[in-house]
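User: Please take a close look at a single part of this model, the second of the annotated domains, and then set it against the rest of the chain. I would like one connected account.

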Amino acid sequence: MFGDTQYHIVPRKGEYFLFDKTAAGMVNHVVFQCPTIMGKGVLIAPTVHGNVIVGPNAIDIEDKENCATTYEGANEIMEKARRSIITLGTRDLITAFAGLRAHNECDDFIIEFSQNEKNVLHLVGIESPGLSAAPAIAKHVREQYLSTHATVNEKSDFKPERTPPIRFKELDNEARRALIDADKAYGRVVCRCETITEGEILDAIRAPAGARDVDGVKRRTSAGMGRCQGGFCGSKVVEILAKELGVPINSITKFGGNSGILFEKTK
Ligand SMILES: Cc1cc2nc3c(=O)[nH]c(=O)nc-3n(C[C@H](O)[C@H](O)[C@H](O)COP(=O)(O)OP(=O)(O)OC[C@H]3O[C@@H](n4cnc5c(N)ncnc54)[C@H](O)[C@@H]3O)c2cc1C
């Protein structure tokens with residue numbers, strides 16, 4: 001990038017399993033195994049939303065777009081996870097997904113200015129634990145690199161905290177009633193597994209950097225993240241998106257690009 005060709009990134013794929021909330025209580029804290037040279041190993045952990053997550057494995061691949069889950073990966077994860085919980089079954093498994101770690105050969109984060117573009121700072125190979133390290137990386141970059149290279153002023157209107165979105169299911173009945181009186185859309189539950197209302201979906205679409213596709217709504221509201229994985233509410237979310245954005249229903253995608261959902265009328 002920017003003519004700096006010295007980096008060699010290997011996509012290191014990791015697959016995860018997500019278990020339904022009915023599996024909550026299987027573990028009360030993160031159960032780690034011994035790390036290997038490839039990563040932290042297969043863990044079993046409760047999620048902040050009350051599910052249980054199992055994974056990841058770690059396989060170096062060539063295709064940097066390949067986020068497919070595989071039969072072999074599933075077997076590997078279950079076999080390794082059963083070293084922690086011998087009775088672990090698949091009955092409450094609701095979905096599987098994969099991500100790619102940006103692994104680089106030196107096995108460390110690389111933070112340095114481009115050799116070709118003086119105003120470009122590279123942050124290369126920010127693989128695990130890049131998420132946990134992100135606040136520290138940002139601070140380090142600001143203090144060690146940007147401050148010596150440029151005048152960096154904090155935005156005068158910077159808000160370190162955002163207003164939390166309405167979570168209908170977390171409100172008491174009185175607050176729910178007041179909300180529905182103010183806007184009937186909060187009285188229409190769209191995602192029954194996660195109890196997400198039409199009002200919350202509209203809020204997610206209307207927010208700054210609002211949702212524009214089904215996965216965008218899912219990430220912001222958790223509609224479609226429950227047991228049925230959007231089997232029931234998916235079509236309703238498509239309808240709400242199309243109506244709110246004022247676009248044809250067949251232009252709504254799952255996650256942008258070619259991920260179309262509806263193509264033509266069948267009757
Ligand atoms: C299986 C797995 C397990 C992991 N486990 C952990 C863990 O336990 N702990 C931990 O701390 N970290 C973990 N990580 C690593 C963590 O996810 C990454 O370190 C972190 O997400 C890196 O952040 P980033 O901002 O550099 O990149 P990303 O999070 O990848 O963000 C880059 C963003 O840029 C967008 N983008 C790409 N190209 C373009 C473009 N041309 N235009 C506009 N946008 C673009 C992408 O869509 C993406 O949203 C794990 C990663 C994987 C894959």
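Analyst:
**The BFD-like region and its surroundings**

UniProt, in an unreviewed entry, lists residues 189-242 as "domain: BFD-like [2Fe-2S]-binding". The model discussed here is predicted. Over residues 189-242 the chain is 48% helix and 9% strand, with 18 Å between the end C-alpha atoms.

Helix α5 covers residues 214-221, and its buried residues include V214, D215, G216, V217 and T221. The elements that cover these buried residues include β9, α4 and α6. Just after α5, S222 has a positive phi of about 75 degrees.

Two of these covering elements are also linked by charge. Side chains of opposite charge can pair when their charged atoms come close. E244 and R206 form a salt bridge in which the closest N and O atoms are 2.8 Å apart. E244 belongs to helix α6 (residues 234-245) and R206 to helix α4 (residues 198-206), so this pair ties together parts that are 38 residues apart in sequence. E244 has a relative accessibility of 30% and counts as partly exposed.

Helix α6 also holds a salt bridge within itself. The side chains of K236 and E239 meet at 3.8 Å, N to O; the cut-off for a salt bridge is 4 Å, so this pair still counts. K236 and E239 are 3 residues apart in α6, which means that about one helical turn separates them. Both ends are partly exposed: K236 has a relative accessible area of 34%, and E239 has a relative accessibility of 43%. Elsewhere, salt bridges that share partners join D20, D92 and R227 into one network.

A further salt bridge connects the region to an early part of the chain. The side chains of K21 and E194 meet at 2.8 Å, N to O. K21 lies in the loop between β1 (9-19) and β2 (43-46), while E194 lies in the loop between β8 (189-191) and β9 (196-197), so the pair ties together parts that are 173 residues apart in sequence. The two ends differ in exposure: K21 is partly exposed at 29% relative accessible area, whereas E194 is buried at 6% relative accessibility. The threshold for buried is under 20%, so K21 falls outside that class and E194 inside it. The structure holds 12 salt bridges.

K21 also appears among the contacts of N51. N51 sits in the loop between β2 and β3 (52-55) and is buried, with a relative accessibility of 8%. Leaving out residues up to four places away in sequence, N51 touches L18, F19, D20, K21, A45, P46 and I94. One of these, F19, has its backbone oxygen 3.1 Å from a polar atom of the N51 side chain. D20, another residue touched by N51, is a member of the network with D92 and R227.

N51 and K21 are numbered within the other annotated stretch. For residues 6-143, UniProt gives "domain: FAD dependent oxidoreductase", again from an unreviewed entry. Over residues 6-143 the chain is 18% helix and 30% strand, and the end C-alpha atoms are 25 Å apart.

The ligand provides the next point of comparison. It is surrounded by 14 residues, the closest being K40, I126, P129, L131 and S132. β1, β5 (93-104) and α2 (130-149) each supply at least two residues of the shell around the ligand. K40 places a polar side-chain atom 2.8 Å from a nitrogen atom of the ligand. The backbone contributes too: a polar backbone atom of G130 is 3.4 Å from an oxygen atom of the ligand, and a backbone N or O atom of S132 lies 2.7 Å from an oxygen atom of the ligand. Taken alone the ligand exposes 1,000 Å², of which the protein buries 39%.

For the chain as a whole, there are 6 helices and 9 strands. The C-alpha trace spans about 60 × 55 × 45 Å along its principal axes. Of the 267 residues, 36% count as buried. Among contacts between residues at least 6 apart in sequence, 60% join residues at least 24 apart. The accessible surface of the protein chain is about 17,300 Å², and 54% of that belongs to carbon and sulfur atoms.

Conventions:
Residues are numbered from 1 along each chain as its sequence is written. This is a predicted model: local features need pLDDT of at least 70, side-chain atom pairs count only at pLDDT 80 or more; totals for chains, interfaces and linings use all residues. Side-chain values use heavy atoms; hydrogens and water are left out. Helices (H or I, at least four residues) and strands (E, at least two) are DSSP runs, numbered from the N terminus. Buried means under 20% relative accessible area, exposed over 50%, partly exposed in between (1.4 Å probe, protein chains only). A polar contact is a pair of N or O atoms within 3.5 Å; within protein, one must be able to donate a hydrogen and the other to accept it, and residues adjacent in sequence count only if both atoms are side-chain atoms. Contact means heavy atoms within 4.5 Å. UniProt positions are given in the numbering used here, feature names are shortened, and annotations may be inferred rather than shown by experiment. A residue is near a molecule or strand if one of its heavy atoms lies within 4 Å of it. Accessible areas come from the Shrake-Rupley method with a 1.4 Å probe; for residues, only the protein chains shown count as cover.
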